[in-house]
Amino acid sequence: MQFTRGMSLYRRYTSGVLGSNSRGRTKDFITIYTPDVHVRILARALIMKKESQLSPRQKGDPNLSFIRATPEDVDAFLELEHTAAKSKTYSGTLDKDEALREFVENEVYLIYRDGQIVGSTELQMKSPEHAYLAGLVIHPDFRGQGIARKAALFRLGKLKGVKRIDLVTHPENLKIINLYQSLGFKIEKRIENYHGDGEPRLMLVKES
Ligand SMILES: CC(C)(COP(=O)(O)OP(=O)(O)OC[C@H]1O[C@@H](n2cnc3c(N)ncnc32)[C@H](O)[C@@H]1OP(=O)(O)O)[C@@H](O)C(=O)NCCC(=O)NCCS
């Protein structure tokens, strides 16, 4: 029995199929499937081999941290919002009072890499069963490095069991649409002039 389980594990790892947890790290299936120490050691070695084959985007980033913003962070937050403000695909927060209100109404996190602020991300609980993923901005110097994906995973990790999670984005914001579709979100509807800026938005939804 144990041998059969061991072989199926062996096939699983040698065929290159690896699961991943919410932090994007590879899962250790071994402790779940078998108590056999030899199989465990063999499979751990195989996991390490697979880990080393992952690209830096796929690996967890130990130098990235998400820290809840406080009123003292408001200028840094606004500076980030300004970097995205000129785009028609993003309606940022540019007013200090509005930003401070956002800090109270939403969970606003600053994203740090090696002690430097590289982005911000927010979520809002509309009800215990409904969460809204609000602003997500990555500083232009740090885009294309997988930080938005990690920010999405960070927020989703905090929302386990929440029945409806939604967000809005501009129909031309393909990065965001691709990112969230890859995480199981579906386009629910298009809303004209959503932010009052004359631009449409798509509502993306994940339901469980
Ligand atoms: C949109 C934004 C947050 C993306 O940040 P980023 O750190 O560059 O994004 P990532 O590197 O994590 O890439 C996220 C995903 O975008 C998609 N993507 C990346 N480049 C893309 C491109 N050129 N075209 C289409 N999709 C692309 C991919 O699905 C990618 O995920 P994957 O490569 O891991 O599969 C960033 O460009 C930004 O701050 N823009 C301005 C503000 C904004 O529009 N915010 C979103 C509001 S809803």
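How many salt bridges does the structure hold? The count is eight. Keep in mind as you click around that this is a predicted model. Some of those pairs make good stops, so let's begin with them.

**Stop 1: a link across the chain**

Select Lys 88 and Glu 172. Their side chains meet in a salt bridge, 3.1 Å from N to O. This pair ties together distant parts of the chain: Lys 88 sits in the loop between H4 and helix H5 (96-105), Glu 172 in the loop between strand E6 (164-169) and helix H7 (174-182), and 84 residues separate them. Turn on a surface, and Lys 88 is partly exposed at 43% relative accessibility, while Glu 172 is partly exposed at 48%.

**Stop 2: a charged network**

Now select Arg 164, Asp 166, Glu 188 and Glu 207, which a network of salt bridges links. Within it, look at Asp 166 and Arg 164: the closest N and O atoms of this salt bridge are 2.8 Å apart. Are these two buried or exposed? Asp 166 is buried, because its relative accessibility of 3% is under the 20% cut-off. Arg 164, at 18%, also counts as buried. For another pair, pick Glu 192 and Arg 190, whose salt bridge has its closest N and O atoms 2.6 Å apart.

**Stop 3: a buried acid without a salt bridge**

Move to helix H4 (residues 74-84) and select Glu 81. Glu 81 is buried yet has no salt bridge, and the nearest side chain of opposite charge, Arg 143, lies 9.5 Å away. What does the side chain of Glu 81 make a polar contact with? The partner is the side chain of Tyr 90, at 3.2 Å. Show the surroundings too: beyond its sequence neighbours within four places, Glu 81 is in contact with Tyr 90, Gly 92, Thr 93, Leu 94, Ser 120 and Val 137.

**Stop 4: down the axis of H7**

Select H7 and highlight Ile 176, Ile 177, Leu 179 and Tyr 180, which are buried. Look down the helix axis: the buried residues of H7 fall within an arc of 165°, so they line one face of the helix. The face turned away from that side carries the exposed residues Leu 174 and Lys 175. To see what covers the buried residues, add strand E5 (136-138), helix H6 (147-157), E6, strand E7 (186-191) and strand E8 (201-207), which are included in that cover. After the helix comes Gly 184, with a positive phi near 95°.

**Stop 5: the cores**

Next, select Ile 111, Leu 133, Tyr 180 and Phe 185, the residues with the most contacts inside the largest nonpolar core, which has 27 residues. Among the elements that each supply at least two residues of this core are strand E1 (64-68), strand E3 (116-127), H6 and H7. A second, separate core of 13 residues includes Val 74, Phe 77, Leu 78 and Ala 84. Zooming in on Leu 133, you will find that, beyond four places in sequence, this residue touches Glu 122, Arg 155, Ile 165, Asp 166, Tyr 180 and Phe 185, among others.

**Stop 6: Leu 110**

Finish at strand E2 (residues 107-113), where you can select Leu 110. Leu 110 is buried, with a relative accessible area of 0%. Its contacts outside the four-place sequence window include Ser 65, Phe 66, Asp 73, Phe 77, Leu 80 and Ile 117. For a last distance check, Leu 110 and Thr 121 are 6.5 Å apart, C-alpha to C-alpha, and 11 residues apart in sequence.

Note on methods
Residues numbered from 1 in each chain as written. Predicted model: local features only at pLDDT ≥ 70, side-chain atom pairs only at ≥ 80, totals over all residues. Heavy atoms only, no water. Helix = DSSP H or I, 4+ residues; strand = E, 2+ residues; numbered from the N terminus. Buried < 20%, exposed > 50% of the residue type's maximum accessible area, 1.4 Å probe, protein only. Contact = heavy atoms within 4.5 Å. Lys, Arg positive; Asp, Glu negative; His and termini not counted. Salt bridge = Lys/Arg side-chain N within 4 Å of Asp/Glu carboxyl O. Polar contact = N/O pair within 3.5 Å; in protein donor to acceptor, adjacent residues only side chain to side chain. Arc of directions from axis to C-beta. Core = buried A, V, L, I, M, F, W, Y, C linked by side-chain atoms within 4.5 Å.
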